[in-house]
Structure formats: C-alpha cells, structure tokens
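Me: I have a model open and want to go through it piece by piece. Can we start with the ligand site?
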Amino acid sequence: MSQTTTDQPEVRKGLVGVYADTSAVSKVMPETNSLTYRGYAVQELCEECSFEEVAYLLWHGELPNQAQLAAFKEAEAKERPISETLHKVIAAFPRDAHPMDAIRTAVSFLGMEDPEAGDVSDAAQRRKAMRLFAKIPTCIAAAHRASKGQEVVAPDPRHSFAENLFHLVQGKVPAPEVVKSFDVSLILYAEHTFNASTFTARTVSSTGADIHGAITAAIAALKGPLHGGANEAVMHMLKEIGEPSKAAEWLKGKFDHHALVMGFGHRVYKHGDSRVPTMTKYAEKMAEVVGDRRWMETSRILAAEMLKAKNIHPNLDFPTGPAYYLMGWEIPLFTPIFVASRITGWAAHVFEQGADNRLIRPLSAYTGLEQRPVPPMSQRG
Ligand code: ACO
C-alpha cells in the first residue's frame with residue numbers, strides 16, 4: 001500500500017506496483033491472466049516443448065534446434081555428478097535438516113568447489129549456471145536419501161532432466177504420462193518475472209557477487225511459505241482436511257480466524273494465475289493414473305468456496321501440491337523441486353543483470369527518532 005505524509009516520501013510497502021528494472025526474460029499480463037517466456041505463451045511451451053528446451057530458451061532467448069538441444073542436454077547430463085567431498089558434507093547434515101536448508105547449503109558449497117568461482121564474466125557465469133542446473137537434483141536426492149539412511153543413487157546420463165530426478169530420488173522412472181506431467185510442472189515453475197527469489201538473485205548479482213551467492217540467496221527466499229513453500233503447505237492442508245465432504249466446513253473455520261489459505265492469492269494476478277489451468281489439467285491426469293480423486297475433489301471445492309466467499313483465485317502451488325503427491329514425491333521435496341526448476345529463471349536474470357548492471361540500492365523513509373546527543377553511561381536509565 002502507498003503511504004504518504006506531508007514530510008515523508010511515497011513508500012510502496014512490499015514494492016507493490018514498482019517497476020525496478022526492464023527485463024526481456026518473461027512477461028506477466030495480469031489483465032489477461034497470461035504469461036510468456038521470451039515471447040512464447042507458457043501453456044504452448046508446456047504442450048510443445050520439453051523442460052530442457054525451455055531452459056535453453058530462457059538462457060539463450062530462442063528455442064534450440066535439434067543440434068543445439070542435443071549439445072545442451074549432453075552438457076547438462078555430463079555435469080550431474082557431485083564430488084566425494086560434497087557427498088560427505090551432505091551425509092553429515094543433521095538428519096532432520098529442512099531439505100531447503102540442505103539444498104541451500106549444498107549450493108553454497110558448490111560455489112567453493114567451482115573452478116571458476118570468482119569469475120563473473122558472462123561466459124563463466126553461464127558455465128557455472130549449467131553446472132548448478134545439473135548438480136542441484138543430485139544434491140537434493142543425496143540429502144533426501146541420507147536423511148532417510150538410504151544409499152545414494154548415481155545420476156543416469158541417459159535420462160532426461162525430469163526422468164533423472166525421479167531416478168535419483170525415487171530409484172525408478174515412472175510411466176511416460178507421469179514424467180510428462182512432472183516436466184510440465186518444471187516448465188511452469190521455471191520463470192516468473194521479478195518475484196521475491198528472482199529479485200533477491202538480481203540484488204545479490206548487482207553487487208558483483210558470483211552466481212552461487214545469488215542462487216544461495218534465492219533459495220533462502222524461495223523457502224518462505226508466502227513464496228515457494230506454499231506448495232508443501234497446500235498438501236499439508238489437503239491432508240488435514242482429509243475428505244472432500246469436510247472442505248467447506250474447514251474453510252469456514254479459516255475464515256472465522258482470518259487465516260491465510262495456502263495456495264491462494266497472488267501479488268500480480270488478481271483474476272487468476274495463468275499457470276493454474278495447465279497444471280490443474282495435469283494434476284487431474286495424475287489423479288486418474290493413480291485412481292485417487294480425493295485431493296482434486298477437495299481442491300475443487302476449496303477453489304469454488306474461496307472464489308464465492310473472497311473472490312480470491314488459486315495460484316500455481318495449489319494444483320502442484322496434489323499433483324506432486326500423486327506422482328509419489330514426499331511433501332518436504334516439493335519446494336526443493338521448485339528450486340531444481342527455478343534455477344533456470346534465476347540464472348537467466350543473473351545473466352541479464354550482469355549484461356547491464358547497476359547496483360540495486362533503494363531508499364528507506366526514516367520513521368525513527370530525531371537526531372539526539374549520545375548520553376554518557378551514568379545518565380542512561
Ligand atoms: N487466504 C486468505 N486471504 C488472502 C489470501 C489467502 N491466501 N491471499 C490474500 N488474501 C487477502 C489478504 O488478507 C487481503 O485481505 P485484506 O484486504 O482484508 O487485508 C486481500 O486478500 C488482498 O491481499 P493482498 O494484500 O493483495 O495480497 P499480497 O499481494 O500482499 O500477497 C500473497 C500475495 C503473499 C501470495 C498472498 O496472497 C498469500 O499469502 N497467499 C498464500 C501463500 C501462497 O499461496 N503463496 C504462493 C504464491 S505463488 C508462488 O510463489 C508460486
């Protein structure tokens with residue numbers, strides 16, 4: 001909300017409605033509930049492209065041809081393994097560490113191991129981004145499996161990015177329709193203009209710091225329940241409700257306590273999130289494949305009741321929560337999976353920030369005490 005007093009400059013709390021810079025990576029059009037990556041509608045990308053093609057698009061500005069895609073996939077597959085040292089570091093994490101803290105720490109560690117750590121030239125940042133992109137799933141899986149006392153599974157270069165994540169964490173690759181739904185979720189999570197984590201990555205980059213620092217900070221921002229952490233909260237909520245027949249009554253209880261309902265609302269979209277219809281379609285497919293309609297039915301009732309009572313629409317995390325659960329992902333992995341996807345968007349913004357950098361340094365409107373003399377110790381109450 002804007003706050004202006006006679007002697008105060010205008011403050012846009014939460015930077016609502018502030019244009020902080022230009023960007024050619026993606027465009028949100030709230031009036032039409034639409035989103036484009038490099039000019040392509042995200043729904044069309046989901047139907048026509050793989051996640052790897054979209055990652056290439058975000059980083060290079062154009063979709064790859066056959067040869068470019070093959071080279072991109074080969075480079076990614078080659079970089080998947082992590083060092084023995086990092087495996088040992090991950091194995092030493094506390095068993096009950098939050099998976100987002102684990103991946104944040106692993107990414108920070110990767111920065112110390114990276115041969116080009118201090119080189120912030122565009123070419124080096126791009127090589128480091130590829131290494132991070134490839135190694136993040138390996139780190140997520142290693143931390144998850146270590147926390148459960150399971151053997152680590154080696155990445156398989158023959159698998160696509162999505163298949164490899166299933167292979168690393170779940171030890172097997174599911175049916176193609178499950179992999180396709182997961183791939184779609186990765187495309188939808190890949191990029192979304194100046195959201196909190198992306199803006200964090202750009203802010204860190206603007207100081208001249210390296211990409212590992214920027215991504216470590218972005219992961220910290222994504223963990224929050226008002227941002228990426230909402231996909232986990234949605235599934236906890238659906239499980240707490242239990243049955244579709246209890247959804248309306250449960251929601252009424254939330255309204256009575258003026259509580260936030262996770263997976264609803266968005267800073268930019270006020271009439272619906274452009275990504276929700278596509279993800280809902282694929283979540284419904286997962287419910288069919290698994291033969292369990294309970295979560296999608298509960299979701300349907302919640303969405304209808306929220307709209308009726310509050311005129312608030314679901315955001316991407318709302319259908320992704322049950323979709324991931326139905327795909328067999330454990331709930332604490334939902335936000336780390338978001339990281340595995342969003343590294344592509346974060347990196348695209350780090351490249352863009354670096355290409356035309358100016359230190360990000362806003363102002364604060366001071367509301368504290370007027371200047372006063374420092375009292376000696378003997379006069380302090
Ligand atoms: N449940 C209940 N009420 C809500 C919700 C919600 N999920 N979201 C917004 N509202 C209410 C607010 O309380 C506010 O009510 P008021 O005017 O009576 O105070 C009104 O709707 C307007 O909300 P805004 O202030 O415009 O919301 P803002 O832009 O500040 O916040 C946010 C957006 C943080 C996403 C918010 O909607 C929220 O907390 N949602 C739940 C968390 C969530 O799902 N986050 C995922 C975001 S998408 C992503 O990261 C992929």
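Reply: Yes. This is a predicted model. The shell around the ligand is made up of eight nonpolar, seven polar and three charged residues.

Me: Which residues come nearest to the ligand?
Reply: Ala230, Phe264, Gly265, Arg267 and Asn315 do, out of 18 residues around the ligand.

Me: OK, domains next. How is the chain divided?
Reply: Into two parts: domain 1 covers 72–225 + 333–355, and domain 2 covers 230–327. Their C-alpha centres are 27 Å apart.

Me: And how many residues does each domain put into the contact?
Reply: Domain 1 puts in 12 residues and domain 2 puts in 19 residues.

Me: Which helices supply the domain 1 side?
Reply: Helix H8 (176–189) and helix H16 (334–355) each supply at least two residues there. H8 gives the most to that side, with seven residues.

Me: What is the split by class on that side?
Reply: The side of domain 1 that touches domain 2 has eight nonpolar, three polar and one charged residues.

Me: Switching to strands. What is the order in the open sheet?
Reply: The order is S3-S4-S5, three strands with antiparallel pairing. S3 and strand S5 (40–41) are the edge strands, each pairing on one side only.

Me: How many bridges join S3 to S4?
Reply: Four, with S3 antiparallel to strand S4 (residues 34–37). One pairing to look at is Ser26 in S3, whose bridge partner in S4 is Tyr37.

Me: What sits between those two strands?
Reply: Four residues, and S3 and S4 form a hairpin. In the turn, Asn33 has a positive phi of about 50°.

Me: Back to S3. Which of its side chains are buried?
Reply: Ser26 and Val28, which point to one face of the strand (residues 26–29). Lys27 and Met29 point to the other face and are not buried.

Me: Why the alternation?
Reply: In a regular strand, side chains alternate between the two faces of the sheet. In S3 that puts Ser26, the partner of Tyr37, on the face with Val28.

Definitions and conventions:
Residues are numbered from 1 along each chain as its sequence is written. This is a predicted model: local features need pLDDT of at least 70, side-chain atom pairs count only at pLDDT 80 or more; totals for chains, interfaces and linings use all residues. A residue is near a molecule or strand if its C-beta atom, placed from the backbone, lies within 6 Å of it. Ala, Val, Leu, Ile, Met, Phe, Trp, Tyr, Cys and Pro count as nonpolar, Asp, Glu, Lys and Arg as charged, and the others, Gly among them, as polar. A residue is buried if 20 or more other C-beta atoms lie within 10 Å of its own, exposed if 12 or fewer, and partly exposed in between; C-beta atoms are placed from the backbone. Two strands pair if DSSP finds at least two bridges between them. Domain bounds come from an automatic or database domain assignment. Two residues are in contact if their C-beta atoms, placed from the backbone, lie within 7 Å.
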